[in-house]
Amino acid sequence: MSVATELDVLTPLLAYRRMLVIRRFEERCLELSTATPPAMAGSLHFCAGQEAIPVGAMDALTDDDRVVATYRGHGWALERGIGVEELLAECLHRSSGINGGRAGSPYVMAPWLGFVGENSIVGAGVPIAAGCALASVFLGTGRIAVVSFGDGAVNQGALHEGIAFAAARRLPVVLVCENNGWSEMTPISETVPFPRLADRATGYGIPAVTVDGCDPFAVRDAITDAATRARRGEGPSFVECDAVRLMAHYNRDIEHYRPADDLEAARARDPIPRARAAAEASSSAAEVATVEREVQELIDTATERALAAPRPERSTARDHVSAAIPSTPERAPGIGLESLTFGQAVNRALGNELESRPEVLVFGEDVGAAGGIFGVTRGLQKRFGAERVFDTPISESAILGAAVGASLEGLRPIVEVMWADFLLVALDQLVNQAANVRYVTSGRASAPLVVRTQQGATPGSCAQHSQSLEALLAHIPGLRVGLPATPQDAYSMLRAAVADDDPCVIIESRSLYMIEGEVDEEMLESVGGARMRRAGADAVIITWGTMLHRSLEAASLLASEGIEVGVLDLRWLAPLDESAIAAAVRAAHGRVIVVHEANRTGGFGAEIAAGIAEHLLYELDAPIMRLATPDVRMPAAPELQAALIPTAEAIVKCVRQLVESPSDSGAP
Ligand SMILES: Cc1ncc(C[n+]2csc(CCOP(=O)(O)OP(=O)(O)O)c2C)c(N)n1
């Protein structure tokens, strides 16, 4: 039963009380936000008219089940056990708020209470709920995950991917559609050409019902059935709750678009008077009056206290973006040196992680039985079983979202996104979801997942299978981004990523999968840290990924001309090893060239150059040069690719220019 429930059985009086708490809470928020001056900043989305849904649902759940809520989620938050004062203080952005003012009204999260969170990205909670449910099955906890979303969310890709994922694996998920008839300012009838949204679910082969979402008991019964099926291992179910929206889309919405009769019809179905009538029919008038008085007192006291609470300290605004990097693990160099290809080194790292950490799962498209399209996960499913290494639907949002949910539950998912280009269809789960968890929860929760992907151009690869996208990811606070370029790094950096407590993206290079090198399995490290791959005092090439090899080739060519150029392999763009960059710039007497395969404009090279200019300007002997793929889409023809991607010869030319006439040099 709900943590908010004092009694085991939901009575009409109790249902009324709990629904009234939600209603009065929101009325108070509306009051505070429309006061002059407003006491509450920002947008608030009220669930008035939908209170029966969380109240009924919670009665079908155990305290241990997980709730992933719609952004219109005050009711779910209160019902899952967040106190009125803590929630109100959060909406007031006070330090005593459940998220210390970092979440505000629409993004409250408290995974430690089973409240995985609201989600301000429509539909995004479904894949996350699938991940929570995946963890439940794997860990055998018996928990289910309930995810709520609005009617408009049934048109969202992430929702469909999440359902496909959950249905494919028969995960214990209950999908609760809160159909209030409106998607922001558009009636749902305009975007779904049939009346019953539950019909959408039948295409996934899962049971679906429609119930009166203004009746907590009808909701409870439907969710109890769905939860029972989920607990029996029969997979997800869809419960459409037919409800009403009483308070507009958000606090300042004047509803100019809404027909008067629609609002009137909604008011006629207001669940609060109905719940009151039911309470009066089964309890005395004095009991009902007591409930009303107590609820009012609860709201008034919470308001007084929340308003008096301090605002967050400005000095804390940068805290909890990422965990502190742990010290480098003990290593024993020289033990177990073996010659492996880059791809084999990744496979070895995955095998060792699966072996040493029972909480590691590996999943993605084709990674199971087939071993991945590049053979990198070959043999792992056979060795560790299909519970731990498995194939997924072609649903990148669901793959990443499931990783978010599973990581919140204490697992360490390592997921493969076959091509970095495909990350673009699912970035929400990395950027808006995974990267936020630590910050919004002030470090009380995190999403320690690892995404492995590969990128770059190879002869014949088209414009949708060639891009180098690291700068997009390195731009996001909260994400770690590493680009191994040697078999040893492919091994050690992946293991560092798994050990790290934050979301990490490891970007491999398809063109490097077959290169061979010595790998020391005992060589463990923490995330971060650049490596000087070659010393040289005439200039330094700062690079990463595929360009490391071209830079080293260029350095050898230059050495034969008597020019000694250093090569710094950054390896991790986040965290960035700024001290290694500074040391390299100084050792090269301020002659620097940054080389990368990604397009030039907005490439990470610009960040490196800006950082050097900011901190080391007076160490520079010449303007910093950048060599990158020009701002062109990537053609498939090998001849055209070769005309664009930096070659060793092009690097040599730039370095010569830099070394020979430093003061005149500029970008090529
Ligand atoms: C992915 C995404 N697209 C658009 C929005 C902007 N937006 C916020 S709420 C909303 C309407 C959602 O409608 P529905 O799912 O029916 O939920 P309801 O408002 O009825 O609770 C929209 C479009 C968003 N937050 N996320």
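Begin by selecting helix α5 and helix α14, which are oblique to each other; like everything else on this tour, they belong to a predicted model. Helix α5 covers residues 125–139 and helix α14 covers residues 396–408, and the two pack at an angle of about 50 degrees with their axes 6 Å apart. That angle falls neither under 35 degrees nor within 65 to 115 degrees, and the pair therefore counts as oblique. If you turn the view so that one helix lies in front of the other, the crossing to look for is a right-handed one. To display the contact itself, show the side chains of Pro127, Ile128, Gly131, Cys132 and Ala135 on α5, together with Ser397, Ala398, Gly401, Ala402, Val404, Gly405, Ala406 and Leu408 on α14. Coloured by class, these residues come out as nine nonpolar and four polar, with no charged residue in the contact.

Staying by α5, select Ile121, which sits in the loop between β2 (residues 115–117) and α5. Is Ile121 buried, partly exposed or exposed? Its relative accessible area is 31%, and Ile121 is therefore classed as partly exposed. Leaving aside residues up to four places away in sequence, the residues that Ile121 touches are Asp428, Asn432 and Gln433. A distance drawn from the C-alpha atom of Ile121 to that of Pro106, 15 residues away along the chain, should read 9.7 Å.

Next, select helix α11, residues 285–308, and draw a line between its end C-alpha atoms. With 24 residues at 1.5 Å a residue, the helix should span 34 Å, and because the end C-alpha atoms are 35 Å apart, the expectation and the model agree. Now show the buried residues of this helix, which are Val288, Val291, Val295, Ile299, Ala302, Thr303 and Ala306. Which helices do these buried residues pack against? Their partners are α1 (residues 12–34), α4 (residues 84–91) and α10 (residues 271–282).

From α1, follow the chain into the loop that joins it to α2 (residues 52–58), where Pro37 is found. The peptide bond that leads from Thr36 into Pro37 is cis, with omega near -10 degrees. Another backbone feature worth a stop is Arg170, in the loop between α6 (residues 157–168) and β4 (residues 173–179). Arg170 is not a glycine, and yet its phi is positive, at about 50 degrees.

Move on to the loop between β20 (residues 572–574) and α21, and select Pro575. The peptide bond from Ala574 to Pro575 is cis, and here omega is near 0 degrees. Continue into helix α21 and pick Glu578, which has a relative accessibility of 54% and therefore counts as exposed. If you draw a line from the C-alpha atom of Glu578 to that of Leu197, which is 381 residues away along the chain, the separation is 53 Å.

With α21 (residues 578–587) still selected, add helix α22 (residues 604–616), and you will find the two packed at an angle of about 75 degrees, with their axes 11 Å apart. At that angle α21 and α22 are therefore roughly perpendicular to each other. On the α21 side, Ile581, Ala582, Val585 and Arg586 form the contact, and they meet Ile608, Ile612 and Leu616 of α22. This contact comprises six nonpolar residues and one charged residue, with no polar ones.

Beyond α21, in the loop that runs to β21 (residues 592–599), select His589. Its phi is near 55 degrees, a positive value in a residue other than glycine. At 48% relative accessibility, His589 counts as partly exposed, because exposed requires over 50%.

For the last stop, select helix α20 (residues 547–559) and helix α24 (residues 648–660), which pack at an angle of about 55 degrees with their axes 8 Å apart. These two helices are therefore oblique to each other, and α20 passes α24 in a right-handed crossing. The residues to show are Arg550, Ser551, Glu553, Ala554, Leu557 and Leu558 of α20, with Ala648, Glu649, Ile651, Val652, Val655 and Arg656 of α24. How many nonpolar, polar and charged residues does the contact of α20 with α24 hold? The residues divide into seven nonpolar, one polar and four charged.

Notes. Residues numbered from 1 in each chain as written. Predicted model: local features only at pLDDT ≥ 70, side-chain atom pairs only at ≥ 80, totals over all residues. Heavy atoms only, no water. Helix = DSSP H or I, 4+ residues; strand = E, 2+ residues; numbered from the N terminus. Expected span 1.5 Å × (residues − 1). Buried < 20%, exposed > 50% of the residue type's maximum accessible area, 1.4 Å probe, protein only. Contact = heavy atoms within 4.5 Å. Axes fitted to C-alpha atoms, helices over the stretch in contact; angles between N-to-C directions. Parallel < 35°, antiparallel > 145°, perpendicular 65-115°, else oblique. Left-handed = near helix turned anticlockwise from the far one by under 90°. Nonpolar A, V, L, I, M, F, W, Y, C, P; charged D, E, K, R; others polar.
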